[in-house]
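Open the model in your viewer and keep the selection tool at hand. The tour below goes from one selection to the next.

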Amino acid sequence: MKLRNRSILQIICLLVFFPMVSMAQVGEYRNDLAIGFNGGYMLSNVGFTPKVTQTFHGGLTGGLSFRYVCEKYFNSICSIYAELNYAQMGWKEDILDREDQPVINEETQIKEEFSRTLNYVQLPIFARLGWGKEQRGVQFFFQAGPQVGYYLGDKVTKNFDLNKRNSLKRANDEVHQDTMAVENKLDYGIAAGIGMEYSLPKAGHMLLELRYYYGLGNIYKDSKRDYFGKSNNSSIVLKLTYLFDLKKTKQ
């Protein structure tokens, strides 16, 4: 466990200090600051051990965006990008029998469905490299870095009484996660995204991004005495962002 945590810290430190290294390179000076807002749709799940069969949980995300462009190094535009977001993560269980058929609740006679939404405030900080037009036109970009989140609360959506679930026909009978409270409110991990930006001098910047997040922490305690050995968040996000310039470098 100590070795794993040490590796996690090394990865996060590398991603944090990469932008500083980029700024120290000898390139064309930039001092551009932009702020704005973002919104998108998130598909998430939780990696449980013991396994819980799932499909993707759908949720919304949105918040504030900040970008500081520090340098153009050859054809690469180097910047630091950060967000402060509200996000609906969680999991949706895929309740099937041993023949991969939906499990029907004996009381309601409908397919059993269960999902749990975990609400977070999230802070990703990215090192970003862009290629293309700065002032007018299209730019493609890649960004990666650490992300931390803080758990705010959750909501359960189900169509059956938990005490009257059809346990006999389930292929995967793991149900502890349905009623356990989130034990670790701090979530942390790494995220990376690719996208396209369209810029106009007076209209600002429109960004479309596809992003993946992998949690390195667990929502439940994971010692040998605890039930789940692993319970980490992960998500795929499609996001639209608008930025307007506060400060631009004269070129």
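This is a predicted model. Start by selecting Asn-166, which sits in the loop between strand E6 (137–158) and strand E7 (186–200). Is Asn-166 buried or exposed? Its relative accessible area is 4%, so Asn-166 is buried.

Now show the side chain of Asn-166 together with Ile-104. The side chain of Asn-166 comes to 2.8 Å from the backbone oxygen of Ile-104. Widen the selection to the contacts of Asn-166: leaving aside residues up to four places away in sequence, Asn-166 touches Val-103, Ile-104, Asn-105, Glu-106 and Glu-112.

From that list, select Glu-106 next. Glu-106 belongs to the loop between strand E4 (76–93) and strand E5 (114–132). Unlike buried Asn-166, Glu-106 is exposed, at 59% relative accessibility. Add Phe-160 and draw a C-alpha to C-alpha distance: Glu-106 and Phe-160 are 9.7 Å apart in space, with their positions 54 residues apart in sequence.

Last, turn to the cysteines. How many disulfides does the structure hold? The count is zero. Select Cys-70 and Cys-78: for Cys-70, the nearest cysteine sulfur is that of Cys-78, 5.7 Å away, and Cys-70 is in no disulfide. Cys-78 is likewise in no disulfide, its nearest cysteine sulfur being that of Cys-70. A disulfide would need the two sulfur atoms within 2.5 Å. Colour both residues by accessibility to finish: Cys-70 is buried at 11% relative accessible area, and Cys-78 is buried at 6%.

How values were computed. Residues numbered from 1 in each chain as written. Predicted model: local features only at pLDDT ≥ 70, side-chain atom pairs only at ≥ 80, totals over all residues. Heavy atoms only, no water. Buried < 20%, exposed > 50% of the residue type's maximum accessible area, 1.4 Å probe, protein only. Helix = DSSP H or I, 4+ residues; strand = E, 2+ residues; numbered from the N terminus. Polar contact = N/O pair within 3.5 Å; in protein donor to acceptor, adjacent residues only side chain to side chain. Contact = heavy atoms within 4.5 Å.
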